[in-house]
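Notebook open, coffee poured. Today I went looking for charged pairs, and here is the entry.

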Amino acid sequence: MMDLKNKRVLVVGLGKSGLSAAMFLRAQGARVTVSDTRSAVALAQEIPALLEAGIMVESGGHGLLTFRRQDLIVVSPGVPMDTPEVKQVVAFGLTVIGELELASRYLQGQVVAITGSNGKTTTTTLVGKILSDAGVPTQVGGNIGLPVIDLVAKSTPETVNVLEVSSFQLETVEEFHPRIAVILNITPDHLDRHGSFERYVAAKERIFERQGAGDALVLNGDDRVTQMCAARAKSEVFWFSGTKAVRKGAFVRDGVIVWVEKEGGVTEPVMPVSEVPLKGAHNIENVLAAVCAARLAKVSAESVRASVASFTAVEHRLELVRKLNGVEFYNDSKATNVDATMKAVASFSKGVHLILGGKDKDSDYGLMAELLKERVKVVYTIGSAAEKIERQLHGVVKMVAAGTMETAVAEAAKAAVTGDVVLLSPACSSFDQFENYEHRGRVFRQLVNQLI
């Protein structure tokens with residue numbers, strides 16, 4: 001724990017986690033200031049509560065003097081470390097950490113931390129359900145639901161804290177130390193933020209940086225980049241694979257998910273793959289990863305089986321919205337990168353009407369060409385990335401420049417015939433036309449439910 005009483009602390013960025021961090025720091029007796037580039041008008045909902053708590057607010061930009069007058073700076077995940085003011089105070093030797101790092105210094109109990117380019121939310125939610133169903137005192141949060149700092153108050157030495165952690169959060173960790181760390185996969189994402197794929201991989205790898213011999217690292221045996229992490233791990237490595245047997249971990253044998261705790265150990269059946277209620281091969285990988293985490297947390301195979309079998313798809317992740325005139329409409333708004341969209345499209349054999357677009361993250365949409373040619377009838381482009389998508393996929397598949405979600409849904413519904421699928425799986429972030437991917441998914445759902 002840190003002694004924060006009367007310390008000057010600046011919280012940069014007033015998103016959900018920034019607001020929670022500011023309130024937590026104030027409760028610890030710190031003299032807190034918050035700084036955000038948004039205007040006072042844009043922050044009208046947050047400012048009154050902050051002022052009432054005795055927290056100073058700087059809006060409409062960051063002042064370098066504000067940054068330099070602090071003992072500690074806590075940056076929100078949405079604030080890049082190369083923000084000029086942050087870079088300058090780091091150069092001056094001031095301590096800069098993130099909300100995840102701050103929370104980890106106060107959080108009691110064990111931590112199961114899950115990261116990856118895709119599948120984090122489904123796997124985190126599933127692990128939380130498995131542990132909770134087994135009677136383990138469990139809290140779930142991080143990059144989904146509650147900020148980690150909000151879990152501190154209810155944590156006890158017996159609690160297992162299941163956390164979804166992003167590359168943005170991992171950039172600023174120092175002492176964060178999960179007992180069980182899971183890396184689901186690493187494919188190009190957020191290159192607009194990290195600058196290169198190598199830097200993105202390095203951020204992901206910080207999840208196991210503080211682990212030692214008594215800890216466990218779960219890796220994807222089918223993902224080339226993730227496999228390479230094993231060489232740098234000091235913890236015990238377990239694997240999961242949907243395509244081959246592994247020495248230690250979870251894999252599929254003759255249609256059954258099995259678990260092996262140690263090399264040469266007994267292969268323990270967990271459940272038939274046919275009982276997994278989630279669509280797509282990528283979700284089998286997510287279940288395999290969850291099996292590893294749950295068995296390492298000493299939950300029985302029988303209990304794991306019952307929990308997985310009763311699990312329902314997480315909102316905005318290949319979520320069946322409606323079947324109308326023989327056409328299925330799926331909301332996969334959480335697919336914010338190319339790899340996630342490819343996995344979603346691969347879940348359907350043919351007849352897909354795909355809604356693509358949003359804010360570009362320096363992605364290569366051409367990677368989807370062969371898959372789209374095989375399974376997609378029409379692509380409907382929306383958002384600011386539309387022109388780039390149309391350019392990179394020109395001649396591959398029929399394309400409709402829809403522009404907006406409303407037009408895309410209407411055009412797709414008109415063109416689709418019985419047996420087809422209308423799939424929102426944008427391969428882009430949502431911030432050009434929507435508040436976040438949840439908002440985008442809700443709009444899609446609403447438009448689909450209004451169709452006659």
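Which side chain does Glu275 meet in a salt bridge? I found Arg305, at 2.5 Å from N to O. For a salt bridge I required a side-chain nitrogen of Lys or Arg within 4 Å of a carboxyl oxygen of Asp or Glu. This pair links distant parts of the chain, with Glu275 in the loop between β14 and α11 and Arg305 in helix α12, 30 residues apart.

A note on the source: this is a predicted model, where local features need pLDDT of at least 70 and side-chain atom pairs count only at pLDDT 80 or more, while totals for chains, interfaces and linings use all residues. Residues are numbered from 1 along each chain as its sequence is written, and side-chain values use heavy atoms, with hydrogens and water left out.

Next I checked accessibility, calling a residue buried under 20% relative accessible area, exposed over 50% and partly exposed in between (1.4 Å probe, protein chains only). Glu275 is partly exposed at 27%, and Arg305 is partly exposed at 35%.

I then looked at α12 itself, residues 301–309 (helices are DSSP runs of H or I, at least four residues; strands are runs of E, at least two; both numbered from the N terminus). Its buried residues are Ala301, Ser303, Val304, Ser307 and Val308. They fall within an arc of 160 degrees seen down the axis, so they line one face of the helix; the arc is taken from the directions from the helix axis to the C-beta atoms.

Last, I looked up Lys388, which forms a salt bridge with Asp360 at 3.1 Å between the closest N and O atoms. Lys388 is buried at 16%, whereas Asp360 is partly exposed at 23%.
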